[in-house]
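Let's take a walk through this protein together. Have a look at the model first, then read on.

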Amino acid sequence: MPTITEQDLNKHIAARGFGPLYLLSGDEKLTLKRAARKLIEKSSGEGFPEFNRSIFTNDSDMEGVAAAVEALPFMAEHKCAAVSDFDPDSKSSEDLERLLSLMEDLPDTTTLVFWYPTLDIPAKRSPKWRKFLEAAGKAGYTVDFPRLNGADLRRLIKKEAERQGCELAPKSWEKLLSYAGSDLHTLRSETEKLCAYALGLGQKEITPAMVEELTPKSTETTVFIMVRALTSGRYEEAYNQLDLLFYRGEEPIAILGAMAASYIDMYRVKAALESGLTGSAPAEYASEYKGRGGFRLQNAERSAKKLTLSGLRRCLDLLLEADLSLKGSKMEPRLVLEGLISRLLLAVQG
């Protein structure tokens, strides 16, 4: 059976036309969890959920899962058995074969749901993963929940603000997305806080000033501000942002990783532009730009405008040296990063 969208899944649920098996996975965990819970609830019938709704985890015994799937519903037409975060690699060959055999002949009265609220299906899959996913694809429907893009995120968060009696202006949304990142759960939490603050002041509109005052900047955002200062030659601001990161207790490796990501973005954009392509070209071959790729690449294009490709190569070399120093020397991490900033300033200035 095919891969279907979240909208298709909702149609199955609304029509109560449930397939024998569903596999729900993807990056947008909040939406995935909601969809899975709704599917499990609706496919297990109206009455006697303690008999017609069987919930399992990856630690559950496969014989118990099989028994729940094969048992008839209790005073109902349909039942559901759901397994969260199932990892084929953690199972013995015998257990996995038992499950695969079960999936080949699922009863019409049961819907088997595999859903992944925390575990990500690996990109490089072992033979066990490949066997499991192939069997699931043949037995039922797979539903992907990709990271939402800017337009979809804005629509959902705007609706969330309206539900709480507030309005989220475009400029406020842009600032919120820049500071809080694209995680739906984080954005919902921050929107709820901003709405409570605005309503407490007797206002309906969430203003950019409110977002500036109340929304904590993510590590990614703070590092971006620091890198932008570096590429503009504003060394004092760059050191101030580094101070802020250490004050908040951010891990040096995480800081360096975010810095490296920013410089890699700039290098890719610069190389694309010098090859006669657009600044968005890296999104066509690099998977990390899925979702907020346009936002990242636009920022990278602005930051790299005055830099040369050779200067950016030198910056990447310096970032690699700093990474080796953090992981392989006894030098104080703060000294490593402060030294890195000074060298990056020199590199971008030629």
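How many helices and strands does the secondary structure of the protein come to? Count them up and you get 16 helices and eight strands. Keep in mind that this is a predicted model.

So how much can you trust it? The mean pLDDT of the protein is 88, with 96% of the residues at 70 or more. Strand β2 (residues 21-25) has the highest confidence, at a mean of 95, while helix α3 (residues 49-52) has the lowest, at 76. Where pLDDT is low, the predicted coordinates shouldn't be read in detail.

Now for the whole chain. The C-alpha atoms fill a box of roughly 75 × 55 × 45 Å along the principal axes. The protein has 350 residues, and 45% of them count as buried. About 18,200 Å² is exposed, and carbon and sulfur atoms supply 52% of that area. Among contacts with a separation of 6 or more, 74% join residues that sit 24 or more positions apart.

Next, the largest pocket. Its volume is about 650 Å³, and 26 residues line it. Nearest the centre of this pocket are Glu 6, Thr 31, Leu 148, Arg 155 and Leu 156. Here is the lining of the largest pocket by class:

| Class | Lining residues |
|---|---|
| Nonpolar | eight residues |
| Polar | six residues |
| Charged | twelve residues |

Which element gives the most to this lining? That's α7, with seven residues. Elements that each supply at least two lining residues include β1 (3-4), α1 (6-15), α2 (29-43), α7 (150-163) and α9 (184-200).

Notes
Residues numbered from 1 in each chain as written. Predicted model: local features only at pLDDT ≥ 70, side-chain atom pairs only at ≥ 80, totals over all residues. Heavy atoms only, no water. 1 Å grid on protein atoms, 1.4 Å probe; cavity = no way out; pocket = protein on both sides within 12 Å on 5 of 7 lines; lining within 4 Å. Points joined across faces, edges and corners; volume = space filled by probe spheres on them. Helix = DSSP H or I, 4+ residues; strand = E, 2+ residues; numbered from the N terminus. Nonpolar A, V, L, I, M, F, W, Y, C, P; charged D, E, K, R; others polar. pLDDT = per-residue confidence, 0-100. Buried < 20%, exposed > 50% of the residue type's maximum accessible area, 1.4 Å probe, protein only. Contact = heavy atoms within 4.5 Å. Areas by Shrake-Rupley, 256 points an atom, 1.4 Å probe, with all protein chains shown as cover.
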